[in-house]
Amino acid sequence: MAEEDGCVWCARWDAEISEIYPKTTEGRAAPLVRFDMHQSPPDNITLTTRVRFSPTFILVSDGKEIDRIEGYPGEDFFWGLLGMMLGRAGIEYEETG
């Protein structure tokens, strides 16, 4: 997750999602690593383009970006977009009702 200080949408994601995220099947399939969007990404991670929006959720495999969600559209849309992103990447996870 690329974020920046003072980001209202990052704070909203934190309030609505961050506590539950690691407990979900999606969170276990794609563990969250946070970094400041104005800094370099974590070591050994190559992005396809620079981060322009905060937050940006970047899916990485073998150190390379394979997909991303730019912005936070709210809790209801976030889970659907994340599921679609994991599906496009062929990452299996058990969907819950």
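Strands here are DSSP runs of E with at least two residues, and they are numbered from the N terminus. The model in these close-ups is predicted.

**View 1. A loop between β2 and β3 holds a cis peptide bond.**
Pro 55 sits in the loop that links β2 (35–36) to β3. The peptide bond running from Ser 54 to Pro 55 is cis. Its omega angle is near -5°.

**View 2. Asn 44 has a positive phi.**
Asn 44 belongs to the loop between β2 and β3. Its phi is near 70°, and the residue is not a glycine. Is Asn 44 buried or exposed? Asn 44 counts as exposed because its relative accessibility is 73%, and exposed means over 50%.

**View 3. Asp 62 also shows a positive phi.**
Asp 62 lies in the loop between β3 and β4 (64–70). Phi of Asp 62 is about 50°, although the residue is not a glycine. With 78% relative accessibility, Asp 62 counts as exposed.

**View 4. The largest pocket is lined by 22 residues.**
The space in the largest pocket comes to about 380 Å³. Which residues lie nearest the centre of the largest pocket? They are Pro 31, Val 33, Ile 58, Leu 59 and Val 60. Two elements, β3 (56–61) and α3 (75–88), each give two or more residues to the lining of this pocket. The largest share comes from β3, with five residues.

**View 5. The lining of the largest pocket, sorted by class.**
How many residues of each class line the largest pocket? The lining has 21 nonpolar residues and one polar residue. Charged residues are absent from the lining.

**View 6. A nonpolar patch lies on the surface.**
Phe 77, Leu 81 and Met 84 form the patch. Together they have about 310 Å² of accessible area. Leu 81 is placed in helix α3. At 31% relative accessibility, Leu 81 counts as partly exposed. Met 84 lies in helix α3. Why does Met 84 count as partly exposed? Its relative accessible area is 47%, and partly exposed covers values between the 20% limit for buried and the 50% limit for exposed.

**View 7. Met 84 and Glu 19, set apart in sequence and in space.**
In sequence, 65 residues separate Met 84 from Glu 19. In space, the two are 21 Å apart, from C-alpha to C-alpha.

Methods. Residues numbered from 1 in each chain as written. Predicted model: local features only at pLDDT ≥ 70, side-chain atom pairs only at ≥ 80, totals over all residues. Heavy atoms only, no water. 1 Å grid on protein atoms, 1.4 Å probe; cavity = no way out; pocket = protein on both sides within 12 Å on 5 of 7 lines; lining within 4 Å. Points joined across faces, edges and corners; volume = space filled by probe spheres on them. Helix = DSSP H or I, 4+ residues; strand = E, 2+ residues; numbered from the N terminus. Nonpolar A, V, L, I, M, F, W, Y, C, P; charged D, E, K, R; others polar. Patch = residues over 30% accessible without salt bridge, like charges linked within 9 Å, V, L, I, M, F, W, Y side chains within 5 Å. Areas by Shrake-Rupley, 256 points an atom, 1.4 Å probe, with all protein chains shown as cover. Salt bridge = Lys/Arg side-chain N within 4 Å of Asp/Glu carboxyl O. Buried < 20%, exposed > 50% of the residue type's maximum accessible area, 1.4 Å probe, protein only.
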